[in-house]
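Subject: Structure handover and what was found in it

Dear colleague,

As promised, I am passing on the structure for you to look through at the bench. Please open it first, and then read the notes underneath with the model beside you.

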Amino acid sequence: AREILTEDRFAPAPPQGLVAVQEGAAVRLFWNPNRERDLAGYRLYRWLDAGPWTRIGPDPVERPLYLDEQVREGQHPFYRVTAVDRAEPPNESQPSPIAEVEVLGEPVAPGETPR
């Protein structure tokens, strides 16, 4: 009997609905969960100051949310997310649409001077 090796070459669909919102001095990211049965999780990428796209967070990010605490006031990061499956090596989806956010200083009440 010959062994038949099946190889998974199908990447998951690109994640949708990526949103980036400032939360304190960090950025909260969330997106719609993918529905693939063999989904392992997600890879998050940040683009900042004309540098390269850099992967952030664990590999994979298991749930469709992440808190990016590696940003500073005044930065304007862009984010995208991909989905990865359980194949070895994992198949990675095309990136999601990009989300961006401007990291502002702590809100100041009217009449107060910023620290």
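What follows is an account of the sheet, the salt bridges and two buried residues.

Please keep in mind throughout that this is a predicted model.

I begin with the sheet, since several of the later points refer to its strands. Four strands make up an open sheet in the order β4-β3-β6-β7, and their pairing is antiparallel. The strands at its edges are β4 and β7, each of which pairs on one side only. As general background, the strands of a sheet pair through backbone hydrogen bonds, in either a parallel or an antiparallel manner. Here β3 and β6 run antiparallel to one another and are paired over 8 bridges, and within β6 it is phenylalanine 78 that serves as the bridge partner of tryptophan 47.

Turning to charged side chains, a search of the whole structure finds 5 salt bridges, and I describe some of them here. In one of these, arginine 28 is joined to glutamate 23, with the closest N and O atoms 3.1 Å apart. Both ends of that pair are partly exposed, arginine 28 having a relative accessibility of 22% and glutamate 23 a relative accessible area of 38%.

Arginine 43 deserves a slower look, as it appears in two of the salt bridges described here. With aspartate 59 it forms a salt bridge in which the closest N and O atoms are 3.0 Å apart. Because aspartate 59 lies in strand β4 (residues 54-61) and arginine 43 in strand β3 (residues 39-47), this pair ties together parts that are 16 residues apart in sequence. The side chain of arginine 43 also meets that of glutamate 92 in a salt bridge, at 3.0 Å from N to O. Glutamate 92 lies in the loop between β6 (78-85) and β7 (99-100), so its pairing with arginine 43 in strand β3 ties together parts that are 49 residues apart in sequence. Through shared partners, salt bridges join Arg43, Arg55, Asp59 and Glu92 into one network. As for accessibility, arginine 43 is buried, with a relative accessible area of 12%, whereas aspartate 59 is partly exposed at 41% and glutamate 92 is partly exposed at 30%.

Strand β3 also holds arginine 46, which is buried, with a relative accessible area of 12%. Its side chain makes a polar contact of 2.9 Å with the side chain of aspartate 68. When residues up to four places away in sequence are not counted, arginine 46 touches Pro52, Trp53, Thr54, Ile56, Asp68, Gln70, Val71, Pro77, Phe78 and Tyr79.

Finally, I would draw your attention to serine 96, which is located in the loop between β6 and β7. Is this serine 96 buried or exposed? With a relative accessible area of 6%, serine 96 counts as buried, because the cut-off for that term is under 20%. Apart from neighbours within four places in sequence, serine 96 is in contact with Pro14, Pro15, Leu18, Arg80 and Val81. The C-alpha atoms of serine 96 and alanine 13 are separated by 9.0 Å, although these two residues are 83 residues apart along the chain.

With kind regards

Note on methods. Residues numbered from 1 in each chain as written. Predicted model: local features only at pLDDT ≥ 70, side-chain atom pairs only at ≥ 80, totals over all residues. Heavy atoms only, no water. Salt bridge = Lys/Arg side-chain N within 4 Å of Asp/Glu carboxyl O. Buried < 20%, exposed > 50% of the residue type's maximum accessible area, 1.4 Å probe, protein only. Helix = DSSP H or I, 4+ residues; strand = E, 2+ residues; numbered from the N terminus. Contact = heavy atoms within 4.5 Å. Polar contact = N/O pair within 3.5 Å; in protein donor to acceptor, adjacent residues only side chain to side chain. Pairing = 2+ DSSP bridges.
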